[in-house]
Amino acid sequence: MAQESMTSDERVWSALRLEKPDRVPVIPTLLPEPAAGLTGVPQAQIASDNQAVVRAVFDVYDRIGGWDNIYPASYKPIQLQAAGVFPMKMRIPGVDLDDQTPFQLDEQEMLKPEDFEKIAEMGFDAFFEEDFLWRVSELTPETKADEMMQLMVGGAMFLGECAKRECKPFFLANGLHPFFILSLTRSMIPFTQDVFSKPEPVERALRRMTTDLIEKQLLFVKQTGIDIFMCSEERAGAFFFSPAVFERFWWPYTQELVETLWAEGIVTLFHLDTDWSKNLPYFKRLPKGSAVLELDSTTDIFAAKEVLRGHLCLKGDISAALMSIGKPEDVAAYSKRLIDEVGADGGFILGTGCSVPPDAKFENLRAMVETGKTYELTQA
Amino acid sequence: MSSRIAELIVSLEQEQTLELVRVRSAAGEDPLALLEECRQGMLDVGQLFHEGEFYLSELMISGEIFKGAMAILEPYLEQVRGGDPIGVVVLATMRGDIHDLGKNIVATLLRVHNFEVHDLGVNVEPETLVEKVKEISPDIVGFSALITTAFESTRRATELLVEEGLRENLKVVVGGGVTTPEFGEYIGADLQTLDASTGVAYCLEAVGAA
């Protein structure tokens with residue numbers, strides 16, 4: 001078997017630059033909930049102790065023998081709410097759910113139509129801090145401060161564990177796309193009605209949120225020292241909306257975000273759930289190498305490769321269902337197909353479609369990682 | 001030829017549609033005829049979705065209009081005898097998952113086609129679903145899942161349906177973002193789909209109304 005000739009970081013950045021690395025980089029999206037499932041730690045414990053999250057994540061990482069860059073996971077759900085990453089109500093295991101059911105977002109119509117103007121005027125962060133957080137959360141200013149402190153302690157612990165293993169986080173800066181934030185906080189049907197019947201306030205809010213997001217992330221990404229910004233969007237694609245809505249409410253803001261970050265050398269990693277097949281040609285308008293599309297298996301990644309070959313890196317896309325109910329040999333076979341067909345000329349990172357599910361089988365994750373780490377080297 | 005109500009629904013004009021339904025029902029027009037006009041609008045929307053001109057967002061908005069129209073017509077409909085439903089469906093998101101957006105869209109579309117829909121909600125225990133099936137003997141059971149943590153409880157429900165001898169004359173449909181054909185096989189479903197309109201078309205066929 002041939003030997004690896006690159007470090008993990010070199011391998012990942014080679015793929016991002018659309019080159020052919022020594023082997024495909026492997027980066028499963030291992031979040032706290034699957035880390036709990038894979039280590040037998042109750043979901044209630046993972047949702048109440050972010051240092052337990054770090055221990056569980058690295059337990060999985062070590063037992064599998066590691067992979068290339070690692071997803072940052074050092075938080076509990078309420079801390080994501082406090083930080084505004086998930087500005088929503090939540091159902092927490094051990095509190096609102098039984099101890100073994102993973103935390104879930106509870107989408108309700110919490111943002112009101114008149115709030116669009118407030119956001120346009122104040123910016124979402126100020127609106128969130130002064131008003132919105134207290135609508136969706138049972139935190140108090142004191143408990144919020146405590147959670148943020150715990151979040152920082154967990155983050156430092158996570159980085160320390162990375163350093164011990166000489167592995168790097170894939171990114172540290174991340175956030176939801178403004179369109180996704182508004183859809184989640186208004187809830188999907190009211191927001192869709194806003195888009196169709198009262199579009200101007202929505203646009204004013206999106207304008208302000210995009211400007212603020214760019215300014216904030218430019219600073220933060222540079223502070224982290226990792227030139228990747230991860231942006232999640234699950235609702236703007238053609239699975240839900242027509243190209244006309246996409247072109248008016250999502251694409252211009254997105255193009256501005258990517259191009260501004262790229263001018264500073266920052267790559268935008270899009271986490272795109274649902275089927276984006278009809279939207280893929282738009283991404284060819286972005287500068288070459290400026291973004292990565294992380295697909296969840298509902299978009300045909302093989303067709304996506306044909307559209308974006310030599311232009312943008314792709315990441316994915318072993319489905320949650322396969323990780324949950326499939327067999328290791330099925331996972332290995334699909335991983336090989338991805339490597340052969342999507343990764344043959346580089347510009348590909350082997351990963352899970354969306355995240356590793358909370359009920360994933362350990363042997364399935366191992367099969368994916370080991371296939372990624374060995375398949376091409378044994379062929380060489 | 002399309003009625004004005006149907007045209008307004010296709011144009012996604014919620015306020016105008018509901019106002020027209022309100023005025024015409026208050027004026028004593030046959031509520032069943034008005035309901036039929038609303039249904040025709042929804043069928044036209046469905047056809048545009050099928051042709052790729054409309055997207056899920058248009059289905060959602062028209063579904064909300066239909067629900068609003070139904071709420072206006074309900075008191076009038078109670079005074080007249082409507083036709084029997086074309087079939088009975090039980091819908092549920094099973095234990096481990098609290099998401100219901102896709103299920104709710106399917107429920108609305110099924111009601112448009114005059115199915116009687118029993119929506120058990122989210123985080124449903126397998127035994128609860130089976131009890132409902134025993135109680136009302138539906139033609140179809142529809143499961144929804146957005147996350148894999150509902151997989152085992154959904155499978156358990158389909159196992160119980162077999163164990164209790166309830167599966168033979170029952171169609172089982174499953175949908176939702178995380179489901180795949182393999183998951184459909186895993187639970188022994190008759191249909192797995194990510195597309196609400198495909199699911200509704202299957203239900204129509206299952207009750208001989210296609």
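Visitor: In E4(B), which residue is the bridge partner of Phe143(B)?
Guide: This is a predicted model: local features need pLDDT of at least 70, side-chain atom pairs count only at pLDDT 80 or more, and totals for chains, interfaces and linings use all residues. Residues count from 1 along each chain as its sequence is written, while chains are lettered from A and ligands numbered from 1 in the order in which they are written. Strand E3 (residues 140–144) and strand E4 (residues 171–175) of chain B run parallel over 5 bridges. In E4(B), the partner of Phe143(B) is Val174(B).

Visitor: Which strands are the edges of the open sheet in chain B?
Guide: Strands here are DSSP runs of at least two residues, helices (H or I) of at least four, numbered from the N terminus. Two strands pair if DSSP finds at least two bridges between them. The sheet has 5 strands in the order E2-E1-E3-E4-E5, paired parallel. Those that pair on one side only are E2 (115–119) and E5 (191–193) of chain B.

Visitor: How many residues of strand E6 in chain A are buried?
Guide: Buried means 20 or more other C-beta atoms within 10 Å of the residue's own, placed from the backbone; exposed means 12 or fewer, partly exposed in between. On one side of E6(A), Ala291(A), Leu293(A) and Leu295(A) are buried. On the other, Val292(A) and Glu294(A) are buried too. For E6(A), residues 291–295, the count is 5 of 5.

Visitor: Which residue of E6(A) is the bridge partner of Thr268(A)?
Guide: Strand E5 (residues 267–272) of chain A runs parallel to E6(A), with 5 bridges joining them. Thr268(A) has as its partner Ala291(A).

Visitor: Is the β-α-β crossover from E6(A) to E7(A) left-handed or right-handed?
Guide: E6(A) and strand E7 (residues 313–318) of chain A are parallel, joined by 3 bridges. Glu294(A) stands opposite Lys315(A) in E7(A). The chain passes between the two strands through helix H15 (residues 301–308) of chain A. With the strands pointing away from the viewer, a path over the helix that runs clockwise from the first strand to the second counts as right-handed, and this crossover is right-handed.

Visitor: Which element gives the most to the side of chain A that touches chain B?
Guide: Residues are in contact if their C-beta atoms, placed from the backbone, lie within 7 Å. On that basis, 27 residues of chain A meet 22 of chain B. Strand E2 (104–106), helix H10 (188–197) and helix H16 (320–325) of chain A each supply at least two residues of that side of chain A. The most, 5 residues, come from H10(A).

Terms used. Two residues are in contact if their C-beta atoms, placed from the backbone, lie within 7 Å.
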